[in-house]
Amino acid sequence: MKSTGTQLDIEAIRQRLEDSRGPKYWQSLEELSDTDDFHAFMNKEFPQHIEEVNANPVSRRNFLKLMGASVALAGASACTKQPTEKILPYVKRPEEIIPGNKPLFYASAHCMGGVASGILVESHMARPTKIEGNPDHPGSLGATDVFAQASILSLYDPDRSQAVIRRGRISTWDVFINEISVALGEQSGKQGAGLRILTETVTSPTAAAQINSILAAYPQAKWHQYDPIHRDNVREGTRLAFGRDATVRYMVEKANVILSLDSDFLASGPGAVRYARDFASRRNVGEGDMDMNRLYQIESTPTATGSIADHRLPQRASDIESIARSVAAGLGLQVSPGATSSDASVAQWVSAIVADLQSQNGSGLIVVGDNQPPVVHALAHAMNEALGNVGNTIEYTRSIEASPVNQTSSLRDLVQDMADEKVDLLFVIDANPVYSSPAGLDFRTQMNKVALRIHQGLYRDETGEQCHWHIPQAHALESWGDARAYDGTVTTIQPMIAPLYGGKTDTELLSVIAGQAGKKSYDLVREYWENSGAVSGEFEAYWQNSIHNGFVRDSRLLAVNLRIQSVAEFGQTPNVSDDMEVIFAADPTVWDGRHANSGWLQELPKPLTKLTWDNAALLAPSTAEQLDVSNGDVLEITFGGNTIQAPVWILPGHARNTTTLHLGYGRSSGGRIATGIGFNAYALRNPSNSWFGTGAQVSKTGETYDLYSTQDHHVVDLEGLGQMQQERHLVRESDLAEYQGDHDVIHDMGHDPAAELSMYPDDHVYGGPNAWGMVIDLNKCNGCNTCTIACQAENNISVVGKDEVGNGREMHWIRLDRYYAGNDLDDPRTFNQPVPCMQCEDAPCELVCPVGATVHTKEGLNDMVYNRCVGTRYCSNNCPYKVRRFNFYLYIENEFNLSQEPVRQMAYNPDVTVRSRGVMEKCTYCTQRISAARISSKISDLPVKDGDVITACQQACPTQAITFGNTKDRSSKVSRLKASDLNYGMLADIGTKPRTTYLGRIRNPNPTLEA
């Protein structure tokens, strides 16, 4: 929904909830406000054309577009003729590739923050089209995150750097080598005193060996590392606790009680995909496993981890240390206690958590977010040791980083050397510090004092524009390389396609610095491992196995025995100001800005806020009330001597007197999509307050800015039903004790009529062996959105752009609805509900289609025949679940999909049609995958087994919340889950008989806190 600027009466909303006049589960503040603007938006399911004319200047092009839409009822738009294209057969067929046959899969890795996660890349005739998780890799176990899924789009990005640039002009790699060789020759005489290399976090053994050889050849040269989403506090925390560097590894699946201190460990950071799987493995209530874990979440900004927690306490980031000290003192550690909180609930929380952790005897776990100061990490290490958790639910290894350093200090040292004009030759490899470095360092000004500057990156970005040389970087799917996973497992990276733009890998650039120009990345990686001494036996077999598997087996780092040095070193509780606090956070869709040119990720609704195409200053309802602001009002925020302006978004559950600013927006260079979107939060960041700080000054400017959230789009409209509205719970929940005492508690929350009670005849006969169905476990879903982006990648779903999202026309086939429960706007409970097509047995859409475009198949699918669809939209109007999407325009050809660029067309899945204007589309249960399994079954003369068909959303889901299969097979997992007491259908009482059903959410609260 668009931020209207209409003033929300927070006090009236709060009073409405307290008086219990609102629904038990609510989706947004706008819904609770019950304003005329909200009702107008909800009633505007199909915007009128006159509004299109008012929104867009009338031109011949727009006039023809609108006239084309007006004749959609006649079917003209469904017959759009695609361009005639010439195709050529293979002259020589590549080995193993058979046109029209099954795709091939290759193992590789996706890296974030230098940490690798294993992936499998689907390739059609040497063209990669889809990313899946590697089921054998310990970091993914077959799942992915949104960034891995969207990496296929960045591979085919026509805005990527496509040429070597020398001082603003196109040049060549050979000219670059010649000039750099001269400069390096000058540095050789000075032992590299003026040579600096800046990278982000490096875990690659090959790249690290290259850099070390360069430093050996140039003894006075320096290597600096800086990642804007750095983990300095984590490193310094282990140094404070143990006196050395170490990597922390959690065994989440073994933890009965987990205390998370401002950490989104289930959705962000190294190992998040694996941790989400391990956490969800203890939430199998639908399968009869009552041995649930319990999660306490204390956090400042609402997160996906917090949404799935059994108990969540919103607190300012600066108050977390005090709570950690109080818990530590309660556990018997001799630490300076935290400041006494005036909030009685905090003391109650501390007491309950201490008792719960002590009762577990080695089966508890304390996790701390990367943004918290080193002392909080050290306190967590001390508490985990005191509780006997080390070796059970947590272990330590040597650092997975090749050279662990305090990256903020490293960058500061580089800036100082540049300011002192000690740097003659600077290599910036796969980094963008001109944009992402803290504003207080003024990196751009100091870098311009360097005589010769070289930048390598996927884009000629803000840093590339300021350098003498820019070298296009090879995409990860075009490269040979290696990296370590969260547990240290050596993961191999292999190319799926030759570099589309002649890009060079980081190892190839490093080889130039090392005096080995001309070496290819394949040779560099292979030679390193051949000479590493780590291989026993015949190398060729080792190499082939590692490349085939995607990782080196048994290469995880071994645990080391570390002991806390002295808690006396942890100091005293710092004084914390009551002034407004600013929090900086990685954006959940564009991260630090490197993904800002991805239309998929820009349009992907962010968890919890559901914002698209923008970042915002997040505020708690009470804070917004104090500042007299509503969604879209622009604030002026001053912090650390710098000032920015940012629009407001009010987020229930956010900590009071705090604003969260997501990084990664406000780009000035980085691609057609990235440039000019949002505000640059880096401009407010400084080295001493990388993650949060108090003392911000916030004032209302009087201006407004349009923000678009999808939260109120495609809402299941129950208005006018009175008490029935409250009884038709779309999400259902209970707690473990209640469920154990009454297994009908989920069914009692709604009316689920028996199939034989229907007044309609059962016209559908499923005579074949398969009848497909799906179950989504709300007890596992954390709202990470991976299913949505995986569906988009699999099914060639178009990006529509910000304006069209504002009209409620986003095309995603599966949406993540977010619900709240409770009367406290600043501390509600949160629920996530994925909503694809329900594939109804008695589908309301089928009854009203005048051309039979939506039909029922003999396997239970509600299919769309695109060639028949004439765009009446009757089916969408008749769908109670609001899961159908209409191509108002030829979205595939707009400036966000860039499909007019030949390279972008390579990203499409050839097994799925690309829909045209005037066509209705929706979730198909990945019918192309079902067809592939059916064909394989016929060829092999064997039945389709349970697990042979895996939908894209199911395959990508980190928590395995989605189960798909044959409901006629009573032994299939989907059949077993549908037989669970927790299984229910959304709006099943209206007789649609949905094939997609849900398992109700079961919480495992601490009775002490519930009381």
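Select strand E11 (residues 294-299) together with strand E12, and note that the two pair in the parallel sense over 4 bridges. Helices (H or I, at least four residues) and strands (E, at least two) are DSSP runs, numbered from the N terminus, and two strands count as paired if DSSP finds at least two bridges between them. The model on display is predicted: local features need pLDDT of at least 70, side-chain atom pairs count only at pLDDT 80 or more, and totals for chains, interfaces and linings use all residues. Residues are numbered from 1 along each chain as its sequence is written, and side-chain values use heavy atoms, with hydrogens and water left out.

**Parallel strands**

Remain at this pair and display Tyr296, whose bridge partner in E12 is His311. Next colour E12 (residues 311-314) by its two faces: His311 and Leu313 lie on one side, Arg312 and Pro314 on the other, and all are buried. Buried means under 20% relative accessible area, exposed over 50%, and partly exposed in between (1.4 Å probe, protein chains only).

Proceed to strand E15 (residues 425-429). Here 5 of the 5 residues are buried, so the strand is largely enclosed by the rest of the structure. Leu425, Phe427 and Ile429 occupy one face, and Leu426 and Val428 the other. Add strand E7 (residues 195-199), which pairs with E15 in the parallel sense over 4 bridges; Arg196 stands opposite Leu426 there. Then add strand E16 (residues 452-457), paired with E15 in the parallel sense over 5 bridges. In that pairing, Leu425 faces Leu452 of E16.

**An antiparallel pair and a mixed sheet**

Select strand E31 (residues 815-821) and E32, which run antiparallel and are joined by 7 bridges. Asp817 stands opposite Gln833 in E32. Strand E32 (residues 829-835) is mostly covered, with 6 of its 7 residues buried.

Now display the open sheet of 4 strands in the order E37-E30-E39-E38, in which the pairing is mixed. Strand E37 (962-966) and E38 stand at the edges; each has a single partner strand, so one side of each is left without a neighbour in the sheet. At the E38 edge, strand E39 (residues 996-999) pairs with E38 in the antiparallel sense over 2 bridges, and Asn983 stands opposite Leu999 in E39.

**A charged patch**

From E38, select Asp981, in the loop between helix H32 (973-978) and strand E38 (983-984). Its relative accessible area of 31% makes Asp981 partly exposed. Add Glu738, Asp742, Asp744 and Asp748, which gather with Asp981 in a patch of negative charge on the surface. Such patches are made of residues with over 30% relative accessible area and no salt bridge, like charges being joined within 9 Å and nonpolar side chains (Val, Leu, Ile, Met, Phe, Trp, Tyr) within 5 Å.

**Salt bridges**

The structure holds 46 salt bridges, each defined as a side-chain nitrogen of Lys or Arg within 4 Å of a carboxyl oxygen of Asp or Glu. Begin with Glu179 and Arg167, whose closest N and O atoms are 3.3 Å apart. Glu179 lies in helix H7 (residues 173-189) and Arg167 in the loop between strand E5 (165-166) and strand E6 (169-170), so the pair ties together parts that are 12 residues apart in sequence. Arg167 is partly exposed, at a relative accessible area of 42%.

Turn to Arg249 and Glu395, a salt bridge with its closest N and O atoms 2.3 Å apart. Arg249 is in strand E9 (residues 247-250) and Glu395 in strand E14 (residues 394-397), so that distant parts of the chain, 146 residues apart, are linked. Both Arg249 and Glu395 are buried.

Next select Asp614 and Lys802, joined by a salt bridge with 2.6 Å between the closest N and O atoms. This pair also links distant parts of the chain, 188 residues apart: Asp614 is in the loop between strand E22 (611-612) and strand E23 (617-619), and Lys802 in helix H26 (residues 802-806). Asp614 counts as buried at 1% relative accessibility. Finally, display Lys130, Glu132, Glu794 and Arg929, which salt bridges with shared partners join into one network.

**Two backbone positions**

Select Asn657, in the loop between strand E25 (642-650) and strand E26 (658-662). Asn657 has a positive phi of about 55 degrees although it is not a glycine. Most residues other than glycine have a negative phi. End at Lys882, in the loop between helix H28 (874-878) and strand E35 (885-886), which likewise has a positive phi of about 55 degrees.

Terms used. Areas by Shrake-Rupley, 256 points an atom, 1.4 Å probe, with all protein chains shown as cover. Lys, Arg positive; Asp, Glu negative; His and termini not counted. Charge placed at Lys NZ, Arg CZ, Asp CG, Glu CD.
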